[in-house]
Amino acid sequence: MSSSRRLDYRVRPGGGLSGTLRVPGDKSISHRAVMLASLAKGSSYIQGFLAGEDCLCTMRAFQRMGVRIDQVGPTELRVHGVGQYALRALTPQPVELDMGNSGTAMRLMCGLMAGQTFSTRLIGDASLSNRPMRRVIDPLTQMGARIASQDGKAPLRIDPVLALQGIDYRSPVASAQVKSSILLAGLYAEGITAVSEPEPSRDHTERMLRTFGVRIDAQPGRARIAGGQLLRAANVKVPADISSAAFFLVGTAITPGARLRLLEVGVNPTRTGIIQILQRMGAEIELENPRDFGGEPVADLTVRGGRLRGIEIGRELVAAAIDEFPALFIAAACADGVTTVSGAEELRVKESDRIQSMVDGLSALGIEAQARPDGAVIRGGTLGSGEIDSRGDHRVAMSFAMAALRAQGEIRIRDVANVNTSFPGFASLAAQAGLGIREQAG
């Protein structure tokens, strides 16, 4: 938990979503914008920054290392980069950086801090301290980094080395966090650093490096970067987060007669698995007014509710929808027939074991659901009422809140304070759209 305050949701059954809204800025892009702006030469303006606890941890980390960051509005930052003459310009002092609940921040920071001239200790909350970090430690060690861990988990101590060396790394998993950590370390390495993946993962790092003036050769599933390049300040407009929009897409799609419009949603093709999967299930989703926010494709999404059908979701769609599967489990529970998810073992090592968390919650509501090592089998049915333990996982909590739209009775969701890590104001925005949700001290 990133907060000591215990909070629950109580959600009335029924109703429907309607209207027009914009969810907060993209978490993945917000992290990267602060990181690269801090290392750049000059001042960068970031608009649409996600002021959730995860991204605020990243902002505070760079402030501790001497970067001046001015918050000029609720979601606007002015970052005064320290990269006037060199990449290694962060403040050289013994530093302990708290990454809170954010796996993205910790893994990307591993790559960045491996190239610094001073030692760093990366810590996180109980959930983050139980997540696997060896997947970035091992390739960074191959580059010459010195990283000590607690059996492959945080806290991590990163000590300076004379020089990192470029490598050609074949990642066993499709993970943007692993890829990005290696590419960011590659900025500090001698020679060329390359990463290839079994399936393409999200490419926000590659796009944003280009925005900040870095030359990078990238195509789906592979990227190459030369070390020693300096970054130039840039202005970044952060799209609305498709992972946050996913709860509203699913909530509308499962409710016949509902209609909702979501503005300025990032539709990076490495992230649109949620749209493809819902459309295969029969959802009506239209992409309108396509445009570009600094290298990231954006569109307004209109979704209409109706009847969904169960489908098979295989590995080929997993990487493009990995964070949206808790919401998709709710769609499967409301669909006609059986939905099978496979190739999604990565869900086991998120903020919670999301496969087990979702299957247990669905079972508590009367849905026939079976966990598998790499996914689940869910038979659509009638959602009852009950109490759900979110296990401190923000995406599990928000997903079960949307399930109440099709439930026969009230759903109470325990331990939801971590929703603020990715979606501050979720309950109020969902209530504005028509969900009968209220917060209650736990």
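In the predicted model, the largest pocket has a volume of about 580 Å³. Its lining comprises 37 residues, and those closest to the pocket centre are Ala174, Ser175, Ile322, Glu346 and Lys350. Two or more lining residues are given by each of the helices α1 (27-39), α3 (103-113), α5 and α11 (394-403). Among these elements, α1 gives the most to the lining of the largest pocket, namely four residues. By class, the lining of this pocket consists of 18 charged, 11 polar and eight nonpolar residues.

The second largest pocket holds about 260 Å³ of space. A set of 20 residues lines this pocket, and Pro200, Ser201, Pro220, Gly221 and Thr270 lie nearest its centre. At least two residues of the lining are supplied by α6, and at least two by β14. The lining of the second largest pocket divides into nine charged, seven nonpolar and four polar residues.

Enclosed space was also examined. Rolling a probe the size of a water molecule over the atoms shows where empty space is left. Three cavities of 30 Å³ or more were counted in the model, and the largest cavity has a volume of about 70 Å³. The residues that line the largest cavity are Ile29, Arg207, Met208, Thr211, Val236, Lys237, Val238, Pro239, Phe293, Gly294, Gly295 and Glu296. Both α6 and β16 (236-237) supply at least two residues of this lining; the largest share, three residues, comes from α6. In the lining of the largest cavity, six residues are nonpolar, three are polar and three are charged.

Helix α6 also takes part in a helix-helix contact. Two packed helices are described by the angle between their axes and the distance between the axes. For α5 (residues 176-186) and α6 (residues 204-211), the axes come within 9 Å and cross at roughly 30°. Angles under 35 degrees count as roughly parallel, and α5 and α6 are therefore roughly parallel to each other. The contact brings Lys179, Ser180, Leu183 and Leu184 of α5 together with Thr205, Glu206 and Leu209 of α6. Three of the residues in this contact are nonpolar, two are polar and two are charged. Helix α5 thus appears both in the contact with α6 and among the elements that line the largest pocket.

Four strands form an open sheet in the order β11-β13-β15-β14, and the pairing within this sheet is mixed. Strands β11 (168-170) and β14 (216-219) are the edge strands, each of which pairs on one side only. From one strand to the next, the twist averages 10°. Within the sheet, β13 (residues 192-196) and β15 (residues 222-226) are paired in the antiparallel sense over five bridges. One bridge of this pair links Ala194 to its partner Arg224 in β15. Helix α6 packs on the sheet, where it touches β14 and β15, and the direction of α6 makes about 150° with that of β14. The edge strand β14, like α6, contributes to the lining of the second largest pocket.

A further antiparallel pair is formed by β22 (residues 368-372) and β23 (residues 375-379), which are joined by five bridges. Among the paired residues, Glu368 has Arg379 in β23 as its bridge partner. The connection from β22 to β23 is a hairpin that runs through two residues.

Key: Residues numbered from 1 in each chain as written. Predicted model: local features only at pLDDT ≥ 70, side-chain atom pairs only at ≥ 80, totals over all residues. Heavy atoms only, no water. Axes fitted to C-alpha atoms, helices over the stretch in contact; angles between N-to-C directions. Parallel < 35°, antiparallel > 145°, perpendicular 65-115°, else oblique. Contact = heavy atoms within 4.5 Å. Nonpolar A, V, L, I, M, F, W, Y, C, P; charged D, E, K, R; others polar. Pairing = 2+ DSSP bridges. 1 Å grid on protein atoms, 1.4 Å probe; cavity = no way out; pocket = protein on both sides within 12 Å on 5 of 7 lines; lining within 4 Å. Points joined across faces, edges and corners; volume = space filled by probe spheres on them.
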